[in-house]
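Here is a short report on one protein model. It starts with a single contact and works outwards to the fold.

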Amino acid sequence: MAICEGFADFKVLRLPYKQGEDKRSLSMYMFLPNAPDGLPALLEKISSKPGFLDQHTPLEKVSVRNFLIPKFKISFGIEASRVLKGLGLTLPFVGGLTEMVGENHPLAVAKVFHKSFIEVNEEGTEAAAVTVTTMMFGASMMMVKEEEIDFAADHPLVPCER
């Protein structure tokens, strides 16, 4: 049973997933503009009005007569090290894991890769995600500053006196 609600410019359909052993209530929400060219305006509302999605979630169960959606598959991958460092997670990248293997063997995270996908078709939804880290081990660890500098050799070179 779907849960649906119509608004002035769009409809929202909530498809609850069956609960297995995991007792969390999970759903897929589909926002459908009424106008064939209404997607840009709907996206603008979603991105510019804080709380828009929370204020437009359907609450009533209704029978859906015709339920037609295109099949789709979306995947996303990112090398997430810079994002994690930007969020303040720096310790694992600068040798913060050394205690796990002993002081004589420095250990740090080199890179973090994340990949996810979701596929929706007539049979239902399939989704998966994986995160992989690569490690630096031993004396090859080196601190890398995030700041950038310019090095422009655009003037005459003068030999150094010794």
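## The salt bridge

The side chains of Lys45 and Asp9 form a salt bridge, with N to O at 2.6 Å. This model is predicted. The structure holds one salt bridge. The Lys45 and Asp9 pair joins distant parts of the chain, 36 residues apart. Lys45 belongs to helix H1 (residues 39-48), while Asp9 sits in the loop between strand S1 (2-6) and S2.

How accessible are the two partners? Lys45 is partly exposed because its relative accessibility of 23% is not under the 20% that marks a buried residue. Asp9 has a relative accessible area of 43%, so it is partly exposed too, as this value is not over 50%.

Helix H1 also holds Ala41. Ala41 is partly exposed at 45% relative accessibility. The C-alpha atoms of Ala41 and Asp9 are 9.3 Å apart, with their positions 32 residues apart along the chain.

## Aromatic pairs

The structure holds two aromatic pairs. One of them is formed by Phe10 and Phe52. Their ring centres are 5.8 Å apart and the planes make an angle of 45°. That pair is tilted because its angle is neither under 30 degrees, as in stacked rings, nor over 60, as in edge-to-face rings.

Where do the partners Phe10 and Phe52 lie? Phe10 is in strand S2 and Phe52 is in helix H2 (residues 52-55). They are 42 residues apart, and the pair links distant parts of the chain. Both Phe10 and Phe52 are buried. Ring pairs also bring in Phe31: Phe10, Phe31 and Phe52 are linked into a cluster.

## Around helix H2

Leu53 is found in helix H2. Leu53 is partly exposed, with 39% relative accessibility. The C-alpha atoms of Leu53 and Tyr29 are separated by 9.8 Å, and the two residues are 24 residues apart along the chain.

His56 lies in the loop between H2 and strand S4 (61-62). Is His56 buried or exposed? His56 is buried, because its relative accessible area of 14% is under 20%. The side chain of His56 reaches the backbone oxygen of Phe52 at 2.7 Å.

## Strand S2 and other contacts

Arg14 is found in strand S2 (residues 10-16). Arg14 has a relative accessible area of 17%, so it counts as buried, being under 20%. Its side chain makes a polar contact with the side chain of Ser27 at 2.9 Å.

Which ring does the charged end of Lys73 sit over? The ring is that of Phe117, and the charged end of Lys73 is 5.5 Å from the ring centre.

The side-chain contacts compare as follows.

| Pair | Kind | Distance |
|---|---|---|
| Lys45 and Asp9 | salt bridge | 2.6 Å, N to O |
| Arg14 and Ser27 | polar contact, side chain to side chain | 2.9 Å |
| His56 and Phe52 | side chain to backbone oxygen | 2.7 Å |
| Phe10 and Phe52 | tilted aromatic pair | 5.8 Å, centre to centre |
| Lys73 and Phe117 | charged end over ring | 5.5 Å from the ring centre |

## A nonpolar patch

Which residues make the nonpolar surface patch? They are Val64, Phe67, Ile69, Phe72 and Ile74, and the patch covers about 380 Å². Ile74 is found in strand S5 (residues 72-79). Ile74 is partly exposed at 49% relative accessibility. It does not count as exposed because that takes a value over 50%.

## Before strand S6

Pro106 is placed in the loop between helix H3 (81-86) and strand S6 (107-121). Pro106 is partly exposed, with a relative accessible area of 23%. The C-alpha atoms of Pro106 and Met136 are separated by 8.0 Å. Along the chain, Pro106 and Met136 are 30 residues apart.

## The chain as a whole

How many helices and strands does the protein chain have? The secondary structure comes to three helices and seven strands. From the N terminus on, the elements run β-β-β-α-α-β-β-α-β-β. The protein chain has 162 residues, of which 17% count as buried. Arg14, His56, and the ring partners Phe10 and Phe52 are among the buried residues.

Note on methods. Residues numbered from 1 in each chain as written. Predicted model: local features only at pLDDT ≥ 70, side-chain atom pairs only at ≥ 80, totals over all residues. Heavy atoms only, no water. Helix = DSSP H or I, 4+ residues; strand = E, 2+ residues; numbered from the N terminus. Buried < 20%, exposed > 50% of the residue type's maximum accessible area, 1.4 Å probe, protein only. Polar contact = N/O pair within 3.5 Å; in protein donor to acceptor, adjacent residues only side chain to side chain. Phe/Tyr/Trp six-rings, centres within 6.5 Å; stacked < 30°, edge-to-face > 60°. Lys NZ or Arg CZ within 6 Å of the ring centre and 35° of its normal. Salt bridge = Lys/Arg side-chain N within 4 Å of Asp/Glu carboxyl O. Patch = residues over 30% accessible without salt bridge, like charges linked within 9 Å, V, L, I, M, F, W, Y side chains within 5 Å. Areas by Shrake-Rupley, 256 points an atom, 1.4 Å probe, with all protein chains shown as cover.
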